[in-house]
Amino acid sequence: MKDTPRIGYVLKTYPRISQTFVLTEILAHERAGLDMDIFSLRRTDDTRFHAALSRVKSPVFQIARASTRVNNVLDELREHARHLPRLWQVLEESGAEAEDLLQAAQISRAILDRGIVHLHAHFGTVATAVARLASQITGVSYSFTAHAKDIYHELVVEDDLRQKIADAAQVVTVSEFNATHLRATFGSAAQEVKLVYNGLDLNEFCFEPYTDRPPVILGVGRLVEKKGFEVLVRACEILRDRGVRYRCEIAGGGVLEQELKSQIVGLGLQGHIVMSGALAQEDIKDRIRGAALLAAPCIHARDEDRDGLPTILLEAMALGTPCISTPVTGIPEVLRHDETGLMVAEGDAEALANACQRLLEDRQLGSTLVHYARKLIEQRFDIDKNSAQLRAAFGTVTAQQTYRGNAANDCLRPSLASGVMA
């Protein structure tokens, strides 16, 4: 083990095929020489993984979940408390769930043993809750990246999020829209929220000139309401009824898969739309390169969930495929109507159909849009530049390692080595 300070990344589930932005960020940190440990609080249920995962060198620890037996939980807490003097006090003061506290205790043991000086969590829910508890137990600082679901979902508990923001050494979010909302909602606690856009490794997303391509409309994302794929299917019906020549592919998996398939069958669109399931990143890139356009018809879901700034838009714009999306949260920060893409009203199938038809029939427009889109991506969404902003934020934090020692870390069993499932 290198005798240098380390950063601990705390994630609810790692790896996740739908969270390419996390993988891209980790790889950028590693290229810059940051020493990291990655902690996963839940086991992944993904069956496919991006090829880039094999390049991750940081050790990944699968943190064991709490036993269902009260006596076992107490025994585990007593064992951890031998090395963590503040554990009982944190339990008394926080009123934390036993599972969160036990996972925080395991991470705390790793903090002591491995020289971790700061924790960073992605998403302001369970990952941040556990990072915050580990911070209270050990005295090291924590930060977190807040995404749209942490901010807008109807289940967000504002008092809980306010406390996480107040206690964090730094809060990061991925769009100016999010940052403005957090400052307005949480006042003084959120005034130092930092905007750091998700980014791409532009060496992996080389621009390809927009030449003749088949009339393929591509949609990529989890099959959940906020992605707006139901609107895309209705737009496809309109295009068919107009006699427009096209084929649509929707790539992704999720809870609405059967509902969308039923909608496609009900509208008689089986010959026009194919659903290809969740795909690895290299397959997604191939689909993007072969598409005439990418449609991301994002909407506000009924539970108030919404997209922050979909990574798929960044990827398509970087690769040279024209995009259509909606003015949801941070999307207008990257997609500017008639400049870097086409914007339509959310939930408006006819407007979406019109925009698709426009790009299918006017390839010169698409060629112009992708030129300016790529320029914007290079300026604002280069992961090496953006991850450096995160590392700068880590560097401004004074690590207060209240407790030091050589605690045995037999409670931690690496289950993911170099990014590969054990």
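This passage walks through a predicted model, from its empty spaces to its aromatic pairs and some individual residues. Residues are numbered from 1 along each chain as its sequence is written, and side-chain values use heavy atoms, with hydrogens and water left out. Because the model is predicted, local features need pLDDT of at least 70 and side-chain atom pairs count only at pLDDT 80 or more, whereas totals for chains, interfaces and linings use all residues.

A good place to start is the empty space. Rolling a probe the size of a water molecule over the atoms shows where empty space is left. The search runs on a 1 Å grid over the protein atoms alone; a cavity is a set of points where a 1.4 Å probe fits but cannot get out, and a pocket is an open set with protein on both sides within 12 Å along at least five of seven lines. Lining residues have an atom within 4 Å of a point. Grid points are joined across faces, edges and corners, and a volume is the space filled by probe spheres set on the points.

The second largest pocket holds about 340 Å³ of space. Its lining comprises 20 residues, of which Val-224, Glu-225, Lys-226, Leu-256 and Ala-301 are the closest to its centre. At least two lining residues come from each of helix H9 (229–242) and helix H10 (257–266); helices (H or I, at least four residues) and strands (E, at least two) are DSSP runs, numbered from the N terminus. By residue type, the lining of this pocket contains 8 nonpolar, 3 polar and 9 charged residues. Here Ala, Val, Leu, Ile, Met, Phe, Trp, Tyr, Cys and Pro count as nonpolar, Asp, Glu, Lys and Arg as charged, and the others, Gly among them, as polar.

As for cavities, 3 of them reach 30 Å³ or more. The largest cavity has a volume of about 100 Å³. Among the residues lining the largest cavity are Thr-13, Tyr-14, Pro-15, Arg-16, Phe-49 and His-50, and the full lining divides into 7 nonpolar, 3 polar and 1 charged. Two of these neighbours deserve a second look: Tyr-14 and Pro-15 are joined by a cis peptide bond, with omega about -5 degrees. Pro-15 sits in the loop between strand E1 (6–13) and H1.

The aromatic rings come next. A pair of aromatic rings is described by the distance of the centres and the angle of the planes. The structure holds 4 aromatic pairs, where rings of Phe, Tyr and Trp (its six-membered ring) pair if their centres lie within 6.5 Å, and planes under 30 degrees apart count as stacked, over 60 as edge-to-face and the rest as tilted. Phe-21 and Phe-123 form a tilted pair, because their ring centres are 6.2 Å apart and their planes meet at 55 degrees. This pair links distant parts of the chain, 102 residues apart: Phe-21 belongs to helix H1 (residues 20–31), and Phe-123 to the loop between strand E4 (116–122) and helix H5 (126–138). Phe-21 has 11% relative accessibility and so counts as buried; buried means under 20% relative accessible area, exposed over 50%, partly exposed in between (1.4 Å probe, protein chains only).

Tyr-197 and Phe-381 make another tilted pair, at 4.7 Å centre to centre and 50 degrees between the planes. Here too distant parts of the chain are linked, 184 residues apart, with Tyr-197 in the loop between strand E7 (194–195) and strand E8 (216–220) and Phe-381 in the loop between helix H14 (363–380) and helix H15 (383–395). Tyr-197 is buried at 9% relative accessibility, and Phe-381 is buried at 0%.

Two residues carry a positive phi without being glycine. Glu-304, with phi near 75 degrees, is partly exposed at a relative accessible area of 36%. Thr-329, with phi of about 40 degrees, is buried at 6%.

Finally, polar contacts (pairs of N or O atoms within 3.5 Å; within protein, one must be able to donate a hydrogen and the other to accept it, and residues adjacent in sequence count only if both atoms are side-chain atoms) involve two buried residues. Ser-58, in the loop between strand E2 (36–42) and strand E3 (60–62), makes a side-chain contact of 2.5 Å with Glu-30. Gln-62, in strand E3, reaches the backbone oxygen of Ser-40 with its side chain at 3.2 Å.
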